Amino acid sequence: MPRYKLTIEYDGTPYCGWQKQDNTPTIQGSIAAACQQFCGEYIEVVGAGRTDSGVHATAQVAHIDLPKDFEPFQVMQAINFYLFNAASAEESLRNRIAIIDAERVGDDFSARFSATKRHYLYRIINRRSRLGLEAHRAWHVIEPLDEKAMHAAAQLLVGHHDFTSFRDTQCQAKSPVKTLDQLDISRIGEEICIIASARSFLHHQVRNMAGTLALVGKGKWQLHDVKKALEARDRTQAGPTAPPDGLYLTRVDY
């Protein structure tokens with residue numbers, strides 16, 4: 001069975017995350033349903049990462065095995081056609097998922113296990129007035145944020161650490177130890193961008209780091225508070241979980 005690598009973008013707002021669930025809209029479930037309409041049989045969709053409810057992607061990666069050979073462009077167009085038409089009865093789900101690339105890959109390629117690095121963007125809109133176009137696509141923080149202080153604090157988290165303080169209490173990962181390769185914060189106008197890169201992340205790790213760094217940006221925490229939270233290895237000692245609206249899976253390296 002030929003294997004195809006799919007690159008996918010989606011607005012996660014109306015979905016209950018990536019992972020397929022019964023009787024609720026998910027990204028994986030929607031793509032699998034479109035593939036089944038295309039091929040006439042159930043197709044397993046294996047993703048590079050399981051994004052949470054409300055989290056977005058500009059370049060999620062998945063692989064599928066199809067029952068016969070198709071040109072990659074046909075695969076992309078067919079899945080997009082059925083994604084759009086399957087959602088036509090539910091206006092809130094129309095045009096929320098798109099396959100932006102498809103390519104043939106070897107049988108040994110795994111969207112999940114072949115990945116060498118995952119890249120995330122967390123967006124904060126820092127202004128007093130409410131969000132219009134950016135509603136559900138960024139975290140709205142009205143208090144002034146010092147992005148330079150946030151960046152300095154972020155560097156304390158880069159490297160090989162036990163990230164227990166920054167993972168969800170229900171995280172199923174066998175170990176809380178991860179290597180964070182990059183955590184950079186920058187500002188352009190009223191938008192603050194947090195860029196995080198690592199081979200893999202714990203459940204809610206990026207959002208928990210973003211919530212903690214926002215405390216530094218507001219002046220409520222200092223650098224030593226972040227260091228203390230990391231060393232505590234206790235979720236209650238770190239900052240709040242930032243909302244899913246601002247989080248995007250932007251790239252997966254292989």
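The exercises below deal with a predicted model and are each followed by a worked solution. Residues are numbered from 1 along each chain as its sequence is written, and side-chain values use heavy atoms, with hydrogens and water left out. Local features need pLDDT of at least 70 and side-chain atom pairs count only at pLDDT 80 or more, while totals for chains, interfaces and linings use all residues.

**Exercise 1. State how many disulfides the structure holds, and explain why C39 is not in one.**

Step 1. A disulfide is a covalent bond between the sulfur atoms of two cysteines. The cut-off used is a pair of cysteine sulfur atoms within 2.5 Å.

Step 2. For C39, the closest cysteine sulfur belongs to C35 and is 6.3 Å away, which is too far for a bond.

Step 3. The structure holds zero disulfides.

**Exercise 2. Decide which side of helix 5 is buried and which residues are exposed.**

Step 1. Helices (H or I, at least four residues) and strands (E, at least two) are DSSP runs, numbered from the N terminus. Helix 5 covers residues 223–232.

Step 2. Buried means under 20% relative accessible area, exposed over 50%, and partly exposed in between (1.4 Å probe, protein chains only). In helix 5, V226, A229 and L230 are buried. These residues lie on the same side of helix 5, because they cover an arc of only 100° around the axis; the arc is that of the directions from the helix axis to the C-beta atoms.

Step 3. An α-helix has 3.6 residues a turn, so residues three or four places apart point the same way.

Step 4. H224, K228 and E231, on the other side of helix 5, are exposed.

Step 5. The cover over the buried residues includes helix 3 (147–154), strand 7 (159–162) and helix 4 (205–217).

**Exercise 3. Describe the surroundings of Q205 and N126.**

Step 1. Q205 is in helix 4 and is buried, at a relative accessible area of 1%. N126 is in strand 5 (residues 117–126) and also counts as buried, at 10% relative accessibility.

Step 2. Contact means heavy atoms within 4.5 Å. Leaving aside neighbours within four places in sequence, Q205 is in contact with F163, F166 and K178. With residues up to four places away in sequence not counted, N126 touches several residues, including V141, L145 and R187.

Step 3. A polar atom of the Q205 side chain lies 2.9 Å from the backbone nitrogen of L202. The side chain of N126 has a polar atom 2.9 Å from the backbone oxygen of V141, and this side chain reaches the backbone nitrogen of L145 at 3.0 Å.

**Exercise 4. Classify the ring pair F109 and Y254, then the pair F163 and F166.**

Step 1. Rings of Phe, Tyr and Trp (its six-membered ring) pair if their centres lie within 6.5 Å; planes under 30 degrees apart count as stacked, over 60 as edge-to-face and the rest as tilted. By this rule the count comes to seven aromatic pairs.

Step 2. F109 and Y254 are 4.9 Å apart, centre to centre, with 55° between the planes, and the pair is tilted. F109 is in the loop between strand 4 (97–105) and strand 5, and Y254 is in the segment after strand 10 (247–253), so the pair ties together parts that are 145 residues apart in sequence.

Step 3. The ring centres of F163 and F166 are 6.4 Å apart and the planes are at 70°, so this pair is edge-to-face. Both F163 and F166 are buried.

Terms used:
A polar contact is a pair of N or O atoms within 3.5 Å; within protein, one must be able to donate a hydrogen and the other to accept it, and residues adjacent in sequence count only if both atoms are side-chain atoms.
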